[in-house]
Amino acid sequence: MLNVNCGASGIVRVVKENSITGEITHDSTFNNIWTDGGLAYLRNASSQDLSYPSGLSYGNGAHTGAHNSVTELAGYLATGGASGESGNNVVANDGTICTITHTTKTTVPARGVDWTISELGLRSKVDKGVPILTYTLTKNALGVPTPIPVKDFEIVTIYYTIQLQYPMSLPPIAIAVEG
């Protein structure tokens, strides 16, 4: 059995704020998935040339079926230029594992009309022509896909945190093969 601690994961937080009173009217957190294209992006980039996603797309549609092959939002609305904050690279006590976190944030100002947000995705650039790397439907506290209605006077801030964990180096491992 190989014991290689690596992976790519993510979590999304959507916060709505009343632009008049400053009151927080919604705050939810849920997981996302990396698409096949997003995993290929990670696979082809070394840790030295990996650029963090800078485009956060939001939409009001929903893909049905498996989401791993999604390349675009079903009901694309816009891609916001996103500011990012990278966490410190954390190396495990034994010096073999590196964990990188990066949070992408975009704020959608009050739009003057009611609208709905139901899906999100990260892109490597602020460009609709670039396929999404991650995909998620907005979800309620039970993890059930649930669109988030937004009033005309509400501001939406989306925090999209990705985490990458990979081995710093792999020692030679003997693998027993049967048959």
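Strand 4 and strand 5 pair in the antiparallel sense, over 5 bridges. Strand 4 also pairs with strand 10, again antiparallel and over 5 bridges. This is a predicted model. The protein chain has 179 residues, of which 36% are buried.

**Strand 4 and its partners**

- Gly 59 has a bridge partner in strand 5, namely Tyr 76.
- In strand 10, the bridge partner of Gly 59 is Glu 119.
- Strand 4 is mostly covered, with 5 of its 5 residues buried.
- On one side of strand 4, the buried residues are Gly 55, Ser 57 and Gly 59.
- On the other side, Leu 56 and Tyr 58 are buried, and both faces of the strand are covered.
- In a regular strand, side chains alternate between the two faces of the sheet.

**The open sheet**

- Strand 4 belongs to an open sheet of 5 strands, in the order 3-11-10-4-5.
- The pairing in this sheet is antiparallel.
- Strand 3 (33-34) and strand 5 (76-81) stand at the edges with a single partner strand each, so one side of each has no neighbour in the sheet.
- Strand 3 pairs with strand 11 (residues 134-137) in the antiparallel sense, over 2 bridges.
- Ile 33 has Tyr 135 as its bridge partner in strand 11.

**Nonpolar cores**

- The largest nonpolar core holds 20 residues.
- Which members touch the most other members of this core? They are Ile 117, Leu 120 and Ile 158.
- Six strands each supply at least two residues of this core: strand 1 (7-18), strand 4 (55-59), strand 9 (115-117), strand 10 (119-123), strand 12 (148-150) and strand 13 (154-167).
- Strand 13 gives the largest share, 5 residues.
- A second, separate core has 5 residues, among them Val 70, Leu 73, Tyr 135 and Leu 137.
- Nonpolar side chains tend to be buried together in soluble globular proteins.

**Contacts of Ile 117**

- Leaving aside neighbours within four places in sequence, Ile 117 is in contact with Tyr 58 and Gly 59.
- With the same neighbours left aside, the contacts of Ile 117 also include Thr 138, Pro 147, Ile 148, Val 150 and Ile 158.

**The aromatic pair**

- A search of the whole structure finds 1 aromatic pair.
- The ring centres of Tyr 58 and Trp 115 are 5.7 Å apart and the planes are at 50°, so the pair is tilted.
- Tyr 58 lies in strand 4 and Trp 115 in strand 9, so the pair ties together parts that are 57 residues apart in sequence.
- Are these two residues buried or exposed? Both Tyr 58 and Trp 115 are buried.
- Arg 111 lies over the face of Trp 115, at 4.5 Å from the ring centre.

**The chain as a whole**

- The secondary structure comes to 1 helix and 13 strands.
- Along the sequence, the pattern reads β-β-β-α-β-β-β-β-β-β-β-β-β-β.
- Among contacts between residues at least 6 apart in sequence, 70% join residues at least 24 apart.
- The accessible surface of the protein chain comes to about 9,900 Å².
- Carbon and sulfur atoms account for 53% of this accessible surface.

Methods
Residues numbered from 1 in each chain as written. Predicted model: local features only at pLDDT ≥ 70, side-chain atom pairs only at ≥ 80, totals over all residues. Heavy atoms only, no water. Core = buried A, V, L, I, M, F, W, Y, C linked by side-chain atoms within 4.5 Å. Buried < 20%, exposed > 50% of the residue type's maximum accessible area, 1.4 Å probe, protein only. Helix = DSSP H or I, 4+ residues; strand = E, 2+ residues; numbered from the N terminus. Contact = heavy atoms within 4.5 Å. Pairing = 2+ DSSP bridges. Phe/Tyr/Trp six-rings, centres within 6.5 Å; stacked < 30°, edge-to-face > 60°. Lys NZ or Arg CZ within 6 Å of the ring centre and 35° of its normal. Areas by Shrake-Rupley, 256 points an atom, 1.4 Å probe, with all protein chains shown as cover.
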